[in-house]
Amino acid sequence: MLFSALKGMAMWLSTMVLLMVLTFVSCVTSQVADLAHTVTSDYHTSRMTSLGLVISNPDLTSERTLRSTSGGRDGPEIHRLGVLPTLSDETTTSVLKTLDTKNITFHFINLTTSSSQDFESYQQARRQVRSQDVTAVIGPFYDEYSVACQQERIPYLVTSQTPGDESDNAFLIELFPDDSIFARSILDLLNYYKYKKVAVIYDSWAGASILEKLLGQSKLVVTAFYVPRHNISLAREALKTMRDGFYVNFISALSVDATAYVMNQALSLSMFSPPFKWFLVNEGLQEFSLEKYVDSRANITVLRLMMDYDSGSCALDPEVINLKRAMLHDAVTVYREYVEKRDHKSHFSMRQINRQIDFHGCTGHLNFTSFGRRREIFLQLMTLQGYRTGQSGTWRSEPDELSQRVVPSRSYSSVTRLGHNVFGDMPLRITTKIEPPFVQWREDTSMWRDDGVVESSTGKQLEGMCIDILKELSGLLGFSYTVSLVPDKKFGSLKPPPRGWTGMVRQLKDEKADLALAPFQMSAQRSTVVDFTKPFMTKGTTVVIRTPEQHPGIFQFLMPLSKLVWSAIFMAFIAISLTLFGVSRVNSDRHAKYTHNLRESFWYIWGTLLRGSLNGSPRAISSRIVSIAWWFFCLIVTSIYTANLAAFLTITIDDTGITSASDLSRQDYYEYGTVEGSQTETFFKHTNMSHYADMWAHMSTLNPESMVRRVEDGFERVRKAKEPYAFIWDSPTIRHKISNDCDLMEVGSPFDSKGYGFAIQKNSPFAEKLSWGLLKLNDDEILFRTERKWWRPQTCLNRHRTGAKTHSLSLETVAGMFLVLLAGIVLSVTLCLIQLCMAKWGVRRVKKQTPEEDDNVRNNQEPCLKAATSDFSSPDNEENLQVYANHSPYGFRSYTAEVKW
């Protein structure tokens, strides 16, 4: 009984002790939870107070919140960031200072780690975080700090690869990609370049992951070698074996030291010359030392974490940026975004905040899942030439198409800007200048005209081709804008110190404007301080002068033919008249008009030239050939003269003395010049063409007063200068100016053709968007229609005629008709001589005939003679009968006297 009682009492006591222990543990746990809850609430409340946010519950402010604020409630809040080893160095403070804001100041605390992973290391990590009031931890992954940050409910921004078996933790924000990302990127590169045989050299888990990924590809021949870190000299023999196996594509996933050793061995084994190709995978934040290979022809591509100082939120100087600083910069920026996006409530959702973080940092696009993993990873492809030129390629994890994931020739900024809204909510600040018809004041407010754009300083409306393009781009790309005129009314040129750049270029350089809306000539000098869009128009340079006064002459009817042609026609008239008289005389053409009177021959030739009505014509064949040649000659002369006379009577030729810009260098009538500091002046200054170089010498040295300060001054000087002045400027502006000003005229064809583009700030985030928009407008023919709208046909009366180039016909032009006339003369003279010879032969034959033959001939010819003379029934036909007899080959001369009427 006693034993049973004692046993029951012992059980009761043990139960009571157990209940007391459980109660104590419960109380302690509750107090710790309340303390952690209070600390977290006070911490967030103090941060929101410093950021100027409204606190819904002022009772959440605590003593710890006040202690973490420097300078009182109105001063900036100090955030103590714990930085783990290998990430903290002498530049950590400078990087943090670049991210300080008006309300937030960052201080870094160096945290220590333990080599052994035991219970004491976890306690030590938590003590460091709590004792130093650390608000976030930044650095490589350590499991003890992952647990400590989760317990303290503060972000842990990991800058190294996180183990794949790590459990989901919303306070663990992974900034560095894991090994599976590098394996995917390597496989994409091999598929992109269509490599079928590859060798892998590795010494880490990331390299093993790459090898595993490649071995899963059935069409890929893969060999591999693991380099022990304690004996990296084995790599040389492995390289020889791979080379002997005809492997030319190598993937190196090694540490920095092992990579340097393998590269030196490959160089000594002549494995950098074609066709060998190398992909170096950088799995950390340390840079590979490749300076010694930059000038070689080695085909080496480094695959590393993205590092682009052109990103939207990257505040690092391009001269000092590296992987470690870029990662530290982005980690602090993510934490700053975390502070600014916290809920006002005491129990905030870390998962919700992770999903809200979204910006472009130095290491690419930073947006996260609920558990702090990056949604899209960007890796950088750097060739050896890229280390020297700064050019790089990009691999991204999100797109489905291989061609969109692998972009070897475009940087991260270039790849991402075309797919996101880079303009933001703020309007673009646009500077411009009055340059009709590109930009001009809107004077006509007719309802049919499109609305203009309001200029901010004057409130007046602007219009023009550039304004129309701006409105089209705004609607296409979705941005707003404000427009203002540049104060000095110049495009912009570089002047000697201390002035520097002027005009719109200065506005862009000083970041007072985002876009210069004007027809900029894209030059190498300007491109050093600003960037340009794709050209929206192609232009040339021409000359504008004052239209010469018209002086019609009283003998303008002689202008269709040159003096030499008129002289040749007169000589032909003399020659044909003499020829006709001569051949008619030789052929015994007894026509009184041609054989007995030289004056009549001249009169006949002159009458046929003027198409006069003349009675009678030559009878002999040679005389008729001369007449036919002359009639053909008169037909051509009359037709040519009539056709050109109409043009010369209706067109007044403006004798300017010059037909192109180069003619200015060979005359002294016109003074000529262009705008000081313009690209046209730059062209003349640096040209190697002799005539343009002579023009520059004249403008700059012999007559520097010929240069003008503004375009408007150049046109005004052309109109009103007492001495003739030629202004050299862009052809589109000149064509627009002369279309409504009949006092001006353009001379010559355009030279020095270049493109017009808009100027933007150097490394502007929306450069490629604007260029893409211009190409889109060009494809849709909007640019063409806009140009046609502002360059209408010229409205001056007879403007098209004054520009016509009508010249007097030269002898070379009409030489053919003279050749026809000469051929007629030669043929006529030839036939005349033949007939003369035949006539003499006929006379000798007649003399040899007997009296009987002569009587027979006479008896046979008398009927013919009576029949021939029977038609001449009047005395008026006596002359015709005489001509007929004279042209008889048998010499009827002895019988004509016997004919009686």
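In this predicted model, strands β3 and β4 (residues 156-158) run parallel and are joined by three bridges. Ile138 has Leu157 as its bridge partner in β4. On the other side of the story is β1, which also pairs with β3 (residues 136-139), again in the parallel sense and over three bridges. Here Val83 is matched with Ile138 of β3, the residue whose partner in β4 is Leu157.

Val83 has a second partner too, standing opposite Asn110 in β2. The pairing of β1 with β2 (residues 104-110) is parallel and spans seven bridges. Strand β1 (residues 77-83) is largely enclosed by the rest of the structure, because six of its seven residues are buried.

Put together, these strands belong to an open sheet of five, ordered β2-β1-β3-β4-β5, with parallel pairing. Its edges are β2 and β5 (172-174), each of which pairs on one side only. On average, neighbouring strands of this sheet are turned by 25° against each other, direction ignored. As background, strands of a sheet pair through backbone hydrogen bonds, either parallel or antiparallel.

A helix comes with this sheet: α5 lies across β3, β4 and β5, and runs at about 150° to β4. Ser146 sits in α5 (residues 143-152). With a relative accessibility of 3%, Ser146 counts as buried. Leaving aside residues up to four places away in sequence, Ser146 touches Phe141, Tyr156, Glu166, Asn169 and Leu172.

Now for the aromatic rings. The structure holds 31 aromatic pairs. One of them is Phe272 with Tyr293, an edge-to-face pair with 5.3 Å from centre to centre and 85° between the planes. This pair links distant parts of the chain, 21 residues apart: Phe272 is in the loop between α9 (256-268) and β9 (277-281), while Tyr293 is in the loop between β9 and β10 (299-305). Both rings belong to buried residues, with relative accessible areas of 7% for Phe272 and 2% for Tyr293.

Another pair is made by Phe491 and Phe520, which is edge-to-face because the ring planes stand at 90°, with the centres 5.4 Å apart. Phe491 lies in the loop between β20 (481-485) and β21 (494-495), and Phe520 in strand β23 (residues 515-521), so the pair ties together parts that are 29 residues apart in sequence. Phe491 is buried at a relative accessible area of 14%, and Phe520 counts as buried at 0%.

Back at Phe272 and Tyr293, ring pairs draw these two into a cluster with Phe250, Phe276 and Trp278.

Rings also turn up beneath charged side chains. Lys197 lies over the face of Tyr247, at 4.6 Å from the ring centre. Arg717 lies over the face of Tyr725, and here the distance to the ring centre is 4.3 Å.

Finally, a word on Leu580, which is placed in helix α17 (residues 563-586). Leu580 is buried, its relative accessible area being 0%. Between Leu580 and Leu598 there are 9.4 Å in space, C-alpha to C-alpha, and the two are 18 residues apart in sequence.

Definitions and conventions:
Residues numbered from 1 in each chain as written. Predicted model: local features only at pLDDT ≥ 70, side-chain atom pairs only at ≥ 80, totals over all residues. Heavy atoms only, no water. Phe/Tyr/Trp six-rings, centres within 6.5 Å; stacked < 30°, edge-to-face > 60°. Helix = DSSP H or I, 4+ residues; strand = E, 2+ residues; numbered from the N terminus. Buried < 20%, exposed > 50% of the residue type's maximum accessible area, 1.4 Å probe, protein only. Lys NZ or Arg CZ within 6 Å of the ring centre and 35° of its normal. Pairing = 2+ DSSP bridges. Contact = heavy atoms within 4.5 Å. Axes fitted to C-alpha atoms, helices over the stretch in contact; angles between N-to-C directions.
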